[in-house]
Amino acid sequence: MSNNDTHDAVIIGTGQAGKPLAVSLAKAGWKTAVVERDAVGGSCINVGCTPTKTMVASARIAHLARRGPDYGIISGPVTVDLARVRQRKQDVVTSFRVGSEKGLDRTRGLELLRGEARFQGPHAVEVTTLEGQTRILNAAKIFINTGTRPAIPPNIDTPDVTILDNASIMELDAVPEHLLVLGGGYIGLEFGQMFRRFGSEVTIIQRGTQLLNREDPDVSGEIATILRGEGIEVLLDTEAIAVSRRADGQIDLAVRTREGDRIKSGSHLLAAAGRVPNSDRLNLASAGIETDGRGFVKVNERLESSAQGVYALGDVKGGPAFTHISYDDYRIVETNLLKGGSATTEGRLVPYAVFIDPQLGRVGLTETEARREGRNIRVAKLPMTHVARAIEMDETRGFMKAIVDADTDRILGCAILGIEGGEVMSLLQMAMLGGVSYTAIRDGVFAHPTLAESLNNLFMSMKR
């Protein structure tokens, strides 16, 4: 069956930009259709932030339970019921997803279509529903919010070995004996530490010379030290070249290092070495929508694609792949289309947190970036061993670091690697948003004893 429907807006994908945009447009009186081929809420709710951070919390409880004697608390051996961890995760995900679905269903003027969308020109989208029906949706405005999926390196993509990704690894019902992790980015590190705390042996294989290659070397080096301190094997400058399964079921991963080729064996293999955009099945060429060499949709600062009236939001357009950036993309489009504004992506701060333990909170320029740009900077750095609250909590791993413009005293960026690093980073981000000088924070009065109070000491450590 084929139906031709005319709408004011069609949105492809219900992620953290698509879902709120659909609701906003419908409430503004636009006849709106939103298409979802999988679960409402996108990767964040279903296979990303929500489930992983729920499981990270379980792993931290296991870690703290084992550390009980450090605090004078004696208990029995710690065991992990991964099936119950998984169920707790799924309960939280279901709650969030159902809430998102209800929000779409109760919005007047908004139709949710379950199925696969493909462009049939710049203002037409063909939808093949889950029931096998076909509809053609015509609209002057079309928004792409289809996100990304894990990239599987072709040299290890073999039917003989089941390769886990960020979604399938969370469905395991037993703790792996030895988890091999391909990739030293935030996904690989979060899962690597998580499963080490659940009881797995863990090896992280990173092709680059450092973990988290966007960070300063001292930050990534400290993270490697922390992970190794928990018994995780971290292999840097190491490339996976082949994979095979032995007769006993174990996985042999051939890797190339500076010292030569070797074999790393494990029970499970997780690929966390990048992601690719979900743009390949959208038939973008029929609409004149340009992509880069990796398939990410090209957009300008207003998130407009090369096709008039077609926008791309969230991870599918490339750039920082974070939920809060996707949501800000929605706010930019909403501001411009519904409020007569002129919002853009130019100059926006991109904060993020890596939910290893201790957390890494980051915003603004790194020291490496600032020096590359030739800026006149000063650097403040304070080990967590000098933070009173961290000492009291016996959470002294990591350090705080801030980059300051030496000419204006404005904060350019920070890296907070420590207990609740994401929260402390957010304090400095607010200072950056408000144009507050570092001296105001250095001389400010904060409650004692708090982690925020340590910002006094951080900026008193300032040096060129």
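**Exercise 1. Find how many aromatic pairs the structure holds, then work through the one formed by Tyr186 and Phe322.**

The structure holds six aromatic pairs. Rings of Phe, Tyr and Trp (its six-membered ring) count as a pair if their centres lie within 6.5 Å; planes under 30 degrees apart are stacked, over 60 edge-to-face, and the rest tilted.

Before going on, a word on the model: it is predicted, with local features needing pLDDT of at least 70 and side-chain atom pairs pLDDT 80 or more, while totals for chains, interfaces and linings use all residues. Residues are numbered from 1 along each chain as its sequence is written, and side-chain values use heavy atoms, leaving out hydrogens and water.

- Step 1: Tyr186 and Phe322 sit 6.1 Å apart, centre to centre, with 35° between the planes, and the pair is tilted.
- Step 2: Tyr186 belongs to helix H5, and Phe322 to the loop between strand S16 (310–312) and helix H7 (323–338), so the pair ties together parts 136 residues apart in sequence. Helices (H or I, at least four residues) and strands (E, at least two) are DSSP runs, numbered from the N terminus.
- Step 3: Phe322, at 10% relative accessibility, is buried, whereas Tyr186, at 28%, is partly exposed. The cut-offs are under 20% relative accessible area for buried, over 50% for exposed, and partly exposed in between (1.4 Å probe, protein chains only).
- Step 4: Tyr186 and Phe322 form one aromatic cluster with Tyr352.

**Exercise 2. Work out which residue lies over the face of Tyr352.**

- Step 1: Apply the test: NZ of Lys or CZ of Arg within 6 Å of the ring centre and within 35 degrees of the ring normal.
- Step 2: Arg214 fits, at 5.1 Å from the ring centre of Tyr352.
- Step 3: Elsewhere, the charged end of Lys381 sits over the ring of Phe399, 4.3 Å from its centre.

**Exercise 3. Place strand S18 among its partners and say whether it is enclosed or open.**

- Step 1: S18 (residues 359–364) has five of its six residues buried, so the rest of the structure largely encloses it.
- Step 2: S17 and S18 run antiparallel, joined by three bridges; strands pair if DSSP finds at least two bridges between them. They make a hairpin with four residues in between, and Val354 stands opposite Leu360.
- Step 3: S18 also runs antiparallel to S21, through six bridges. There, Gly364 has Gly413 as its bridge partner.
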